[in-house]
Amino acid sequence: MGIVIPTINLKGGVAKTTTTVGLAEMLTSEFKKKVLLIDLDPQTNATTMLIGEHAWKKLNDQGYTLATLFEEALDPDDTKFILEKTLQKNVSNIASVKNLDLIPSSLDLINVQDVLAKMPTGPFYANNPIEILKKAIRPIKFNYDYILIDCPPNLGIITLNGIRIANGYIIPTIPDILSTYGIPQIINRVNEFAKNVDMKIEALGIVITKFKENSKVHKSTLNKLVKELEVPVFNSIFKEDNQMANAADYTMQYTTFKQKWGYDSQFEAFYYLASEIIERYEGTN
């Protein structure tokens, strides 16, 4: 079964999605892994980065997104979700990426989440709202080496669906006060959740993003994270770079990972982040 790794942060704008997408593309292009990216974030940014807005809109109009899966859970007698048509194979605008698949998100998830929290669980908790995603991907979970999940910036029912199937999670963050403020809450909530469902979920580490080398705040916050949190900080540090923002444009076509994400520090950061994760789960990079 694929190693499942959600990316989580309660703060928006911390490069959570770009970290997830870039890591997925790095694992496939440079390490030849088979990867599934599940976009649980209603903002759908990971989806549009990998298939473009036009393709996403067509899928959304047809109901081939995760919104349909969660809507179906509210009315189990009305079967709507079709995994085979929702699963998008061989996505990405990098030619060297060959084994990256996507389960797309939808803006409609925003409306679904509040209702999910109130859904009846049924006899023996058969309709548990945190098990929806787990049941849906059961037929394909053995097809991948890694399953990455881009979670919404909250710890609601949708995010808990991602955490429920996780082996470990990562927390991308800008090293400033506002972006790191909610990290202890994330760690405590995930630990509490894991204990309640009797499973082990590992905090793989914090990923530093948009790092400004000339910023005293960034340097001091990074040192504080390393010293004060029990969760490790990845050695990979993503510096503030326009190339990361440009990578969100699906209309551009690239031959290699380096062309899309950058030739120098950004490539190295993604490479070593992927290496650290592979080392953790496979014992070799």
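These legends describe three close-up views of a predicted model. Residues are numbered from 1 along each chain as its sequence is written. Because the model is predicted, local features need pLDDT of at least 70, side-chain atom pairs count only at pLDDT 80 or more, and totals for chains, interfaces and linings use all residues.

**View 1. The largest pocket and its lining.** The largest pocket (an open set of points on a 1 Å grid over the protein atoms alone, where a 1.4 Å probe fits, with protein on both sides within 12 Å along at least five of seven lines) has a volume of about 350 Å³, taken as the space filled by probe spheres set on the points. Among the 22 lining residues, which have an atom within 4 Å of a point, Gly13, Val14, Ala15, Thr18 and Lys210 are the closest to the centre. Helix H1 (16–29) is one of the elements that supply at least two lining residues, and H1 gives the most, with 3.

**View 2. Strand E5 and its covered faces.** In strand E5 (residues 168–173), 6 of 6 residues are buried, that is, under 20% relative accessible area with a 1.4 Å probe and protein chains only. Gly168, Ile170 and Pro172 lie on one side, with Tyr169, Ile171 and Thr173 on the other. E5 runs parallel to E6, joined by 6 bridges, and proline 172 has valine 207 of E6 as its bridge partner.

**View 3. The two sides of helix H10.** The buried residues of H10 are Ile183, Ile186, Ile187, Val190, Phe193 and Ala194. They cover an arc of only 135° around the axis, so they lie on the same side of H10. On the other side, Asn188, Lys195 and Asn196 are exposed, meaning over 50% relative accessible area.

Definitions and conventions:
Heavy atoms only, no water. Helix = DSSP H or I, 4+ residues; strand = E, 2+ residues; numbered from the N terminus. Pairing = 2+ DSSP bridges. Arc of directions from axis to C-beta.
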